[in-house]
Number of protein chains: 2
Amino acid sequence: MAIITVVGAGVMGSALTFPAADNGNDVRLVGTHLDGEIIESCQNQRFHPRLRRPIHDSVKPYFHTEIAAAMQDAEVIVLGVNSRGVHWAAEAIGPHLQPGQIVMMVTKGLESSDEGQLQILPDVLRSRLPESIRDQVHYAAIGGPSIAGELAARRHTSVVFVSRNGDILPKLRSYFMTDYYHIWTSTDLIGVELCVAMKNPYALAVGLAAGVLEKQGEDIASAMMHNYAAAIFAQGLAETAILVQKMGGGLETVFSLPGAGDLYVTTQGGRNSRMGRLLGMGMAYSDAVEEMPGETIEGVDATIAIMPAIEAMMERGDLPADGLPLLRALYRVLTRNAPVDFDFNSFFSKLPFTPPTR
Amino acid sequence: MAIITVVGAGVMGSALTFPAADNGNDVRLVGTHLDGEIIESCQNQRFHPRLRRPIHDSVKPYFHTEIAAAMQDAEVIVLGVNSRGVHWAAEAIGPHLQPGQIVMMVTKGLESSDEGQLQILPDVLRSRLPESIRDQVHYAAIGGPSIAGELAARRHTSVVFVSRNGDILPKLRSYFMTDYYHIWTSTDLIGVELCVAMKNPYALAVGLAAGVLEKQGEDIASAMMHNYAAAIFAQGLAETAILVQKMGGGLETVFSLPGAGDLYVTTQGGRNSRMGRLLGMGMAYSDAVEEMPGETIEGVDATIAIMPAIEAMMERGDLPADGLPLLRALYRVLTRNAPVDFDFNSFFSKLPFTPPTR
């Protein structure tokens, strides 16, 4: 098959080594400068401490200092760093990239450019690679509901591989697909990247409901707060649809695996949900972060990273000013310690529904 | 305000009496012939045994034998029966309907006509009312994530009121909207009714994942089965979108409250999920129903009720034959005791994604 080099030994990059290695590829797992202990454990015990399971027999672990050798002759470089690691990754892989290689990003996120444009991470990465190579490699990404630990456990996982260059997709898929890893392909890079990035803020928002319920205390008939959560879920998806349409992506991406599927899976637990619960309980954001020391909460990072571009787009008239009320409310909660007190009636204003009179 | 008569004292109809009565309407709750004990309790103890809370101070409970008096001069008749009760309800309310009344259905479901057409319940109801009145009343329905117990607990609940006749919607909404009951309006009756009916089969299908997980047993790293569930969630929404588009409904209905929101809330528990879990554990359907005696499982009823029309539509070429693989797989599980063993690769074939090679 192929040589596949995964850069970043966090859970998601490492999980991808399972279908890749099961498929007979030559798989190399390279830690970042922060992954030293993981790689040490992978080399010495053949055990991944964060996935909490043995690594695949055939996977070769590398320290970040060995990245040049690890990338040598690889058909695919998988970028498994988190959104804060993209700039580092560009510097780390840039000097070793070879023409024709495919760089596939697992990282979810968006950035605001200095000009107030929303940028998807494959474009951010490209702009930070050496000019001599940036147009000599292919860019791809993965979207869809994929909890790393489940993929590593070889549980059925369904995703979309996406690239603007449709020609590379059949080959890329052939390297990774197994009887448990189901891969569709799409050229809607902007749609997929928006969906997978926005699911983090919106999953955090759905998670607020659990905290609001705890704060309110017991109901005589044990009523929960699922209606509250579901309205936020729906509004999150509707806001994603607005953004995707405005940026030229496809609606089908929103109501399938990358949008609805990934948002659903992300509401089922994890750090975004835990942060949401703390905020829903009435904790100020500045206190809530103290409860989760050292953890990257992608929903927080994404909200803060994209808001400058969102505001600029609204000022330019590229986005309706009242089109993303949930994201804006969340931004106030995360940056101004605002209390969680949504105006539900502000939701769904851009759909062909008549909203509640206020 | 208005006189509002709720027919059917199950949880959903009864829950609607809370916003209606909080809003100052004259609210009458009429039990069906099966609701005798509930109405007795409401009359004598002012307590609703299935909602497990006192009824609203101002609500007037009626036995089914008193339906004529209860419907007298009502502006709105809310039909709160379940999908099996629609034919009964048509006979029960038919003789007492007065011109100009609004009949608003809470019931979720679809039927296959003898001609192999998919019929939404407001149309089924209309066709079974006396000819002299059926075109003298207005039809409306409610869609969106609304667990009855939460609405009765006055928790934030966001729904869509829908009617082909947009003129009645502002008034109808004004009767029900409160600071916890948020109401959008729409004229996409077909889209809303398809979404709210199809969420039951698809929520049942999402629930399978929990059972499959139990059957597989513990994983060394406690991996769950959320990726499996999320792929089914996404495919359920995508199949709903196919149906809605083919029947002339709007996609926006699918990715907002009636579609994504209601499917989400329905996966969070309830009878469909419990049945899904039993089937996912490997129990044959004929055994699983024995575990839930006397319970109406809307996801089962809906799947069986609509399949004749779906098959006929596919034969006529009105629907792509491979467009609803999840629904068809579920049908085999429910009617032929087929095991739960989805071909994930058959999913998403009607989206602009290239599916996995089989």
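**Exercise 1. Domains of chain A**

Task: State which domains the assignment gives for chain A in this predicted model, and describe the side of domain 1 that touches domain 2.

Solution.
- Step 1. Start with the bounds. The domain assignment splits chain A into domain 1 (3–187) and domain 2 (190–346).
- Step 2. Place the two parts. Their C-alpha centres are 26 Å apart.
- Step 3. Count the contact residues. Domain 1 of chain A contributes 25 residues and domain 2 of chain A contributes 25 residues.
- Step 4. Find the elements on the domain 1 side. At least two residues each come from β8 (110–112), β9 (118–120), α5 (121–128), β10 (138–143) and β11 (157–162) of chain A. β11(A) gives the most, with four residues.
- Step 5. Sort this side by class. It holds eleven nonpolar, eleven polar and three charged residues.

**Exercise 2. Overall form of chain A**

Task: Decide how the radius of gyration of chain A stands against the value for a compact globule, then add its dimensions and burial.

Solution.
- Step 1. Take the expected value. For 358 residues, a compact globule would have a radius of gyration near 21 Å.
- Step 2. Compare. Chain A has 21 Å, so the two agree.
- Step 3. Add the box. Along the principal axes, the C-alpha atoms of chain A fill roughly 60 × 45 × 35 Å.
- Step 4. Check burial. Of the 358 residues, 58% count as buried.
- Step 5. Look at the contacts. Take those between residues at least 6 apart in sequence; 73% of them join residues at least 24 apart.
- Step 6. List the secondary structure. Chain A has 16 helices and twelve strands.

**Exercise 3. Strand β11 of chain B**

Task: Work out which faces of β11(B) are covered and how this strand pairs with β10 and β12 of chain B.

Solution.
- Step 1. Count buried residues. In β11 (residues 157–162) of chain B, six of the six residues are buried.
- Step 2. Separate the faces. B:Thr157, B:Val159 and B:Phe161 lie on one side, and B:Ser158, B:Val160 and B:Val162 on the other. Both faces are covered.
- Step 3. Take the β10 partner. Strand β10 (residues 138–143) of chain B pairs with β11(B) in the antiparallel sense, over three bridges. One bridge joins B:Gly143 to B:Val160.
- Step 4. Take the β12 partner. Strand β12 (residues 181–186) of chain B pairs with β11(B) in the parallel sense, over six bridges. Here B:Val162 has B:Ser186 as its bridge partner.

**Exercise 4. A loop residue in chain B**

Task: Classify B:Leu34 as buried, partly exposed or exposed.

Solution.
- Step 1. Locate the residue. B:Leu34 sits in the loop between β2 (26–30) and α2 (36–44) of chain B.
- Step 2. Count neighbours. There are 15 other C-beta atoms within 10 Å of B:Leu34.
- Step 3. Apply the cut-offs. Buried needs 20 or more, and exposed needs 12 or fewer. B:Leu34 is therefore partly exposed.
- Step 4. Relate it to B:Tyr285. The two are 251 residues apart in sequence and 26 Å apart in space, C-alpha to C-alpha.

**Exercise 5. How the two chains are related**

Task: Find the operation that superposes chain B on chain A, and say what it implies for the two copies.

Solution.
- Step 1. Recall the principle. Two copies of a chain are related by a rotation about an axis and a shift along it.
- Step 2. Read the operation. Chain B superposes on chain A by a rotation of 180° with 0.0 Å of shift along the axis (RMSD 0.0 Å).
- Step 3. Conclude. The two copies are thus related as by a two-fold rotation axis.
- Step 4. Find the residue at the axis. In chain B, B:Phe255 comes closest, at 3.1 Å (C-alpha).
- Step 5. Compare the interface surfaces. Of the interface residues of chain B, 100% are also interface residues in chain A, so the copies meet through the same surface.

Methods:
Residues are numbered from 1 along each chain as its sequence is written. Chains are lettered from A and ligands numbered from 1 in the order in which they are written. This is a predicted model: local features need pLDDT of at least 70, side-chain atom pairs count only at pLDDT 80 or more; totals for chains, interfaces and linings use all residues. Domain bounds come from an automatic or database domain assignment. Two residues are in contact if their C-beta atoms, placed from the backbone, lie within 7 Å. Ala, Val, Leu, Ile, Met, Phe, Trp, Tyr, Cys and Pro count as nonpolar, Asp, Glu, Lys and Arg as charged, and the others, Gly among them, as polar. The radius of gyration is taken over C-alpha atoms; the globule rule is 2.2 Å times the number of residues to the power 0.38. Copies are superposed by least squares on the C-alpha atoms of residues with pLDDT of at least 70 in both. Two strands pair if DSSP finds at least two bridges between them.
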